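Here are a few exercises to work through with the model open in your viewer. Try each task before reading its solution.

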Amino acid sequence: ISSQIYYLLKKQNLLDQTPRFFQEKLKQNCTNVLYQNIFIKSEWEKIASLFNENEIATIPLKGVTFAEKYFGNLGARPTSDIDILIRPNNINQAINLLQSLGFVIEQDPIQSHFHFSFSKSLPNSPIPLTVELHWNIMREDTASLDIEDFWSEANPLKHYHSIYELSDYHTFYM
């Protein structure tokens with residue numbers, strides 16, 4: 001949470017009231033989060049553009065769009081992967097598009113689960129970037145949740161025609 005603390009203290013002009021070593025450590029952690037999130041945002045935008053071009057309705061879950069909207073800054077909340085919600089009838093097309101961007105499926109699908117995981121090797125990094133392609137938010141056998149409610153109340157995201165964001169209600173419900 002160091003990034004969140006840093007941005008809150010800075011926003012309220014309270015950062016200078018903390019010890020110098022504390023400020024430096026917060027800033028260092030925040031810078032690391034920011035650089036990682038910049039990269040993830042770049043990859044997310046490639047995916048979003050490709051899905052948008054192919055008219056695959058998509059909702060990013062959490063991640064960099066969440067950090068920007070609710071924390072006010074790309075670096076204010078760390079993320080390590082890209083989670084996206086699509087409709088079940090678009091799964092095969094979405095898989096093909098992710099694979100065209102260099103992502104490979106990490107594991108065989110788990111029958112009762114609600115997403116596929118993909119990964120992509122990154123230059124100079126032992127940890128790959130992961131994308132989770134969701135068709136639901138929770139396992140259907142553990143929750144009574146109508147995912148269609150999430151879709152029907154979603155709002156268009158920026159300049160896209162097929163990319164949406166969850167309503168505030170569903171964001172915080174999730």
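**Exercise 1. Which residues of β4 lie on each side, and are they buried or exposed?**

Step 1. Take one face of β4: H115, S117 and S119 lie there, and they are buried. Here buried means under 20% relative accessible area, exposed over 50%, and partly exposed in between, with a 1.4 Å probe and protein chains only.

Step 2. Turn to the other face, where F116, F118 and K120 are buried too. In a regular strand, side chains alternate between the two faces of the sheet.

Step 3. Put the faces together: six of the six residues of β4 are buried, and the strand is mostly covered. Strands (E, at least two residues) and helices (H or I, at least four) are DSSP runs, numbered from the N terminus.

A note on the input: this is a predicted model, in which local features need pLDDT of at least 70 and side-chain atom pairs count only at pLDDT 80 or more, while totals for chains, interfaces and linings use all residues. Residues are numbered from 1 along each chain as its sequence is written, and side-chain values use heavy atoms, leaving out hydrogens and water.

**Exercise 2. Place β4 in its sheet: what is the strand order?**

Step 1. The order is β1-β2-β5-β4-β3, an open sheet of five strands with mixed pairing. Two strands pair if DSSP finds at least two bridges between them.

Step 2. Find the edges: β1 (58-61) and β3 (104-105) each pair on one side only.

Step 3. Follow the neighbours of β4. With β3 the pairing is antiparallel over two bridges, and I105 stands opposite F118. With β5 the strands also run antiparallel, joined by six bridges, and S119 faces T130.

Step 4. Look for the parallel pairing: β2 (81-86) and β5 (129-134) share five bridges in that sense. One bridge links L85 to H134 in β5.

Step 5. Add the helix on the sheet: α2 touches β1, β2, β4 (115-120) and β5, and its direction makes about 25 degrees with that of β2. Contact means heavy atoms within 4.5 Å; axes are lines fitted to C-alpha atoms, for helices over the stretch in contact, and angles run from 0 to 180 degrees between N-to-C directions.

**Exercise 3. Why do the buried residues of α1 lie on the same side?**

Step 1. List the buried residues of α1 (2-11): S2, S3, Y6, Y7 and L9.

Step 2. They are on the same side of α1 because they cover an arc of only 165 degrees around the axis, taken from the directions from the helix axis to the C-beta atoms.

Step 3. Identify a cover: α2 (20-53) is included in what covers these residues.

Step 4. Describe the geometry: the axes of α1 and α2 come within 8 Å and cross at roughly 115 degrees. By class, their contact has eight nonpolar, three polar and one charged residues. Ala, Val, Leu, Ile, Met, Phe, Trp, Tyr, Cys and Pro count as nonpolar, Asp, Glu, Lys and Arg as charged, and the others, Gly among them, as polar.

**Exercise 4. Which residues join α2 to α3?**

Step 1. Start with the axes: α2 and α3 (63-71) pack at about 115 degrees, with their axes 9 Å apart.

Step 2. Name the partners: N37, I40, K41 and W44 in α2 meet V64, T65 and E68 in α3.

Step 3. Sort this contact by class: three nonpolar, two polar and two charged residues.
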